[in-house]
Amino acid sequence: MIERAIALLIFTTLFFIFTLFTFFFRHLVYQFLCILVLMVLQGILYLYLNAEFLAAIQVIVYAGAILVMFLFTLFLFPEEDLRDVKGDFRSLRYTSFLPVALFIFLFLWELIRGIPESYLPQKIYFDLREMASLLFNEYWIILFILAFILSFPMVALYVFFKEERENGNS
Amino acid sequence: MASNSHLLWDILIILLKIAVVLGIVLLHAAYTVYAERKIIGRMQARLGPTEVGPYGLLQPIADLIKLLFKEDIIPIEAHKFIFQIAPLLVLVFAITNLSVIPFHPSFSIADVNLGVLVILAFAGLGTYGIILAGYSSGSKYSLLGGLRSAAQILSYEIPLGLSLAGVILYAESFRIQDIVEAQAKSLIGMNALPQILGFIVFLICAFAETNRAPFDLPEAESELVAGYITEYSGFRMGIFFLGEYISMYVMSLLISLCYLGGWTLPIWLTSLLPFLKVLPPTLILIIKVYLFIFLFIWVRATFPRYRFDQLMSMSWKVLIPAALLNFIWIALLKWRLLT
Amino acid sequence: MEILRIFASEYPFYVISGFLIFLGIGLVLLKRNLLVAILALEVVFNGINLLFVTVSHYLGDPKGKIIVLVTLAVAAGSFAIGLILVVNYYRLTKSLSLEELKLLGERDEE
């Protein structure tokens, strides 16, 4: 129990450090690198919740495909657009204090209310086959809905790039 | 699950395993450079290096000393921090693959339930080192070279995953030990023969994933002046090449474990020639790995290079449909086997 | 010790997902760049995924992980479309500033 506590303490401090870095760096590529580290750390965090398949999927899909696509579009822009100017905080700065205040308030309220004694999970599902059989036998309709939803990006991609081909721009 | 009382002992054993695996694989990677130059030399009707030691055997050591003593140049326009960590990213994500690969039925550094997905994840993370190396060099040509190479690796990861999906479907598990055992029990003894299409797709993707010939457009001397490696000199360039040779070993280990039966021999072979039963399993695996390394070197000496648009169109238009066909074929086979 | 018992329970996961969600909201409100706003939405998404998986673990129900698996795939597609829109917007207006974001439809290319 105690090594789990120490490990989660280390992870919380790492998350906190990298969120602060994301906020206070000025160049988009450095902010992006901090977010990449956050995604990989979250993948490792899923391992503590007995979700090993989700951990691998998180790293492969998010950190391996989505963020690479983001990096490719970052390099399409010239260098001066990627730099945040000084005096970056907009004129909303007085109302933007609200999310931070809300967070600190919730944090303190949880601490004051007290943590109940035992938080052990009731039944640990670590079997990949059980989850897979649940997905394919009981909730098969989700996969059809997923295929339906994913057809929209495909149609959208075709529509966006159709005009360029007509103009001979391939 | 490791209990608390044996924690120190377990950590010591894991460190020992890491030292053994790293020592052996790094030695192999260093001498593969020598073997490649010798073999390519012989294929081109000339001798390879013969000067340095007996038969040129100390050549890698001479190369290492030369790389270590070169001057470390960082261009002025480079982003210094990213320039320094980019080769390390490539190397780290290539070496970590070795921790989930079993060299023996009971020897692997980390016995996870999802060995194959870990290798796919680290292959996906390895593209970051290349893109960041190209971007942080501060020149437009390096950036373009890095983006091209990353696009190549990304496009060839998809048929890699799909052909592995056929293997996983056949073995009903993600662990590599289970995949090898499922092959040992099957009729032909290897995954290569029922899944010949998947085998060929995986072989081609293995060449493309490691930036080896005939897909080595970023490294060719006449293309964009060596692409993303242009501004790197001395030991940093050595780290890039070390990463490439180690990922070559990881790919050949994966092929021989997933498609050729790993450390087991087919049943019909051992019933024909019963003296083969006394071979240790690791030796069988090593012979298969050497076979594939020889294939890598042989292909480099033989085939011309692909152009970039030919490369991309081959991945998206040829390999992905082939891998999907293979998957459907394996699904039908499995359905017939189970009913 | 009290603090170690707090960290061994489900509390740190809630704190971390809170960090991620509020980091996302803060980045959207406080930064001027359009691409940072899109990145921040992904961070919020990850925070919510972490909440789903935490609750699914501590209540013993596997449905939370299935929800996360499905919505990850959908989020990938929607993120790609968002990036296409940003690139096309840049081609029309040549600027990535969130303050000058007032184009709602087509405009003649100059």
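Q: Which helix of chain C has the lowest mean pLDDT, and which the highest?
A: In this predicted model, where pLDDT is the predictor's confidence in each residue, from 0 to 100, helix α1 (residues 2–7) of chain C has the lowest mean among the elements of that chain, at 72, and helix α3 (residues 34–59) of chain C the highest, at 90. For chain C as a whole the mean pLDDT is 83, with 92% of its residues reaching 70 or more. For the complex, the predictor gives an ipTM of 0.87 and a pTM of 0.87.

On how to read the values: residues are numbered from 1 along each chain as its sequence is written, while chains are lettered from A and ligands numbered from 1 in the order in which they are written. Local features need pLDDT of at least 70 and side-chain atom pairs count only at pLDDT 80 or more, whereas totals for chains, interfaces and linings use all residues, and side-chain values use heavy atoms, with hydrogens and water left out.

Q: What makes up the secondary structure of chain C?
A: Helices are DSSP runs of H or I with at least four residues, strands are runs of E with at least two, and both are numbered from the N terminus; by that rule chain C has 4 helices and 0 strands, in the order α-α-α-α from the N terminus on.

Q: Why is chain C called more spread out than a compact globule?
A: The globule rule is 2.2 Å times the number of residues to the power 0.38, and the radius of gyration is taken over C-alpha atoms. For 110 residues the rule gives 13 Å, and the radius of gyration of chain C is 19 Å, well over that value, so chain C is more spread out than a compact globule. Along its principal axes, the C-alpha trace of chain C spans about 65 × 30 × 15 Å.

Q: Why is B:E244 called buried?
A: Buried means under 20% relative accessible area, exposed over 50%, and partly exposed in between, with a 1.4 Å probe and protein chains only; B:E244 has 10% relative accessibility, so B:E244 counts as buried. The residue lies in helix α8 (residues 235–258) of chain B. Setting aside neighbours within four places in sequence, B:E244 is in contact (heavy atoms within 4.5 Å) with B:T210, B:N211, B:R212 and B:E219. In chain C, 59% of the 110 residues count as buried.

Q: Which pair of chains has the most contacts?
A: Of the 2 pairs of chains that touch, chains A and C have the most contacts. Chain B and chain C do not touch, and their nearest C-alpha atoms are 15 Å apart.
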